[in-house]
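Let's walk through this one together, question by question. Have a look at the sequence and the model first.

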Amino acid sequence: MCQHLAQVGVHQGAFVDSIHLSFRYEERDYVRAMRSHYASRLRLKTDIIAIVLGGALGIYACQSLDSPWWGVVLVCSTGLLALLLVAAFTVLPKRLFRGEPKFRDEYSLTFSGDGIHFQTVHIDSHLQWSMYHRATVDRHSFILYHGTAAFSVIPKRVFESDEQRLAFERLITQKIPKMTNKMRKS
């Protein structure tokens, strides 16, 4: 797991001018964000109901003398769907994180009303807010989408205080058109 390094600053005048974050991703940051992404994109309840009903119907059909092959097809299909869901939430996020060298870099991000200064050992770029079209806030992170499945993860653990995190949340609420808050009650 990556070493946790965080430096956070909020530079203020009358309003928040910029929010600076420096950190390294931890595997759990990316895994949690991927799970949140999949949970928002997939129809989990429907898929689970389909797996249970399809499996039960398949088992029933296997025991029936009239159509045992349909039962085998149903049981195999629902088993495959179940395996795909398990892989999407457990295996895939970890493999993607471990296989991507960029997640081992230290990230230095400065967020302001003018945009985002994004810096790593390999990148030094100024991004416009318009590249982000939606954001999701969950218990652990801010997920900023710049494509259907392409996103940037800002872990909440890297904020020094609730005040800094709330200033960031206000900023992205102003700059990103669609916000979804998936905060769960404890």
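Q: Which residues of α4 are buried?
A: This is a predicted model, where local features need pLDDT of at least 70, side-chain atom pairs count only at pLDDT 80 or more, and totals for chains, interfaces and linings use all residues. Residues are numbered from 1 along each chain as its sequence is written, and side-chain values use heavy atoms, with hydrogens and water left out. Buried means under 20% relative accessible area, exposed over 50%, and partly exposed in between (1.4 Å probe, protein chains only). By that yardstick, the buried residues of α4 are Gln164, Arg165, Ala167, Phe168, Glu169, Leu171 and Ile172.

Q: How far does α4 reach from its first C-alpha to its last?
A: Helices here are DSSP runs of H or I with at least four residues, strands are runs of E with at least two, and both are numbered from the N terminus. The expected span of a helix is 1.5 Å times one less than its number of residues. With 14 residues, α4 is close to the expected 20 Å, as its reach is 20 Å.

Q: What is the strand order of the open sheet of four strands?
A: Two strands pair if DSSP finds at least two bridges between them. In this sheet the pairing is mixed, and the edge strands β8 (151-155) and β9 (178-181) each pair on one side only. Direction ignored, neighbouring strands are turned by 15° against each other on average. The order is β8-β7-β6-β9.

Q: Which strands of the sheet does helix α4 touch?
A: Contact means heavy atoms within 4.5 Å. Axes are lines fitted to C-alpha atoms, for helices over the stretch in contact, and angles run from 0 to 180 degrees between N-to-C directions. Helix α4 (residues 162-175) packs on the sheet with its direction at about 20° to that of β7. The strands touched by α4 are β6, β7, β8 and β9.

Q: Which residue in β7 stands opposite Val137?
A: Strands β6 (residues 134-137) and β7 (residues 141-145) run antiparallel, and four bridges join them. Opposite Val137 you'll find Phe142.

Q: How many residues lie between β4 and β5 in their hairpin?
A: β4 (residues 115-119) and β5 (residues 124-127) run antiparallel and are joined by four bridges. Gln119 stands opposite Asp124 in β5. The number of residues between the two strands is four.

Q: Which residues is Ser112 in contact with, leaving aside its neighbours within four places in sequence?
A: Ser112 sits in strand β3 (residues 106-112). It counts as buried because its relative accessibility is 15%. Its contacts are Asp17, Ser18, Trp129 and Leu171.

Q: Why is there no bond between the sulfurs of Cys62 and Cys76?
A: A disulfide is a pair of cysteine sulfur atoms within 2.5 Å, and a search of the whole structure finds zero of them. Cys62 is partly exposed at 33% relative accessibility, while Cys76 is exposed at 52%. The closest cysteine sulfur to that of Cys62 is in Cys76, and the bond is missing because the distance is too far, at 8.2 Å.

Q: Is Trp70 buried or exposed?
A: Trp70 lies in helix α3 (residues 68-99). With a relative accessible area of 64%, Trp70 is exposed.

Q: Which side chain makes a polar contact with the side chain of Glu27?
A: Glu27 lies in helix α1 and counts as buried, at 13% relative accessibility. A polar contact is a pair of N or O atoms within 3.5 Å; within protein, one must be able to donate a hydrogen and the other to accept it, and residues adjacent in sequence count only if both atoms are side-chain atoms. At 2.7 Å, the partner of Glu27 is the side chain of Arg98.
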